Amino acid sequence: SYWLKAQVEYDRDIEQSFLEINNPHIDDLRVYFKRNGNLELKYLSGRNYPFSNKIVSDQNFVFPLPVFQEKNNLEVYIKIQSEHHSVFSINLMKFS
């Protein structure tokens, strides 16, 4: 398994942000947000779970990020597990 950490910076002009992982063949994918010093599991997805469980209906894995209420950055942790070799990229999509 792989653990990735990303820091999403606050931007007052952005209304909604999405995290996209562009490999639909990942078996198990977990997205955590760090709040008050603790990791909270926010999204559970991957090929091991039904497509209907996806938050956003897309061939890739797309997760909405919380709207910033304060001028704080968001720490995102991603755990990826797959039985096969995985190549992927992570994109941050922002909409204002």
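This is a short dialogue on reading the strands and sheets of a predicted model.

Me: What holds the strands of a sheet together, in general?

Reply: The strands of a sheet pair through backbone hydrogen bonds, and the pairing is either parallel or antiparallel. In this structure, one open sheet has 4 strands with antiparallel pairing, and their order is S1-S6-S3-S4.

Me: Which strands of that sheet are the edge strands?

Reply: The edge strands are S1, which covers residues 2–8, and S4, which covers residues 38–45, and each of these pairs on one side only. From one strand to the next, the twist of this sheet averages 25 degrees.

Me: How many bridges are there between S3 and S4?

Reply: Strand S3, residues 28–35, pairs with S4 over 7 bridges in the antiparallel sense, and as one residue to look for in the viewer, Lys34 has Leu39 in S4 as its bridge partner.

Me: What is the order of the strands in the open sheet of 3 strands?

Reply: The order there is S5-S2-S7, again with antiparallel pairing, and the edge strands, each pairing on one side only, are S5 at residues 61–64 and S7 at residues 90–95. If direction is ignored, neighbouring strands of this sheet are turned against each other by 20 degrees on average.

Me: Where in S5 does the residue opposite Ile21 lie, and how is S2 joined to that strand?

Reply: Ile21 stands opposite Phe61 in S5, while strand S2, residues 16–21, is joined to S5 by 4 bridges, with the two strands running antiparallel.

Key:
Residues are numbered from 1 along each chain as its sequence is written. This is a predicted model: local features need pLDDT of at least 70, side-chain atom pairs count only at pLDDT 80 or more; totals for chains, interfaces and linings use all residues. Side-chain values use heavy atoms; hydrogens and water are left out. Two strands pair if DSSP finds at least two bridges between them. Axes are lines fitted to C-alpha atoms, for helices over the stretch in contact, and angles run from 0 to 180 degrees between N-to-C directions.
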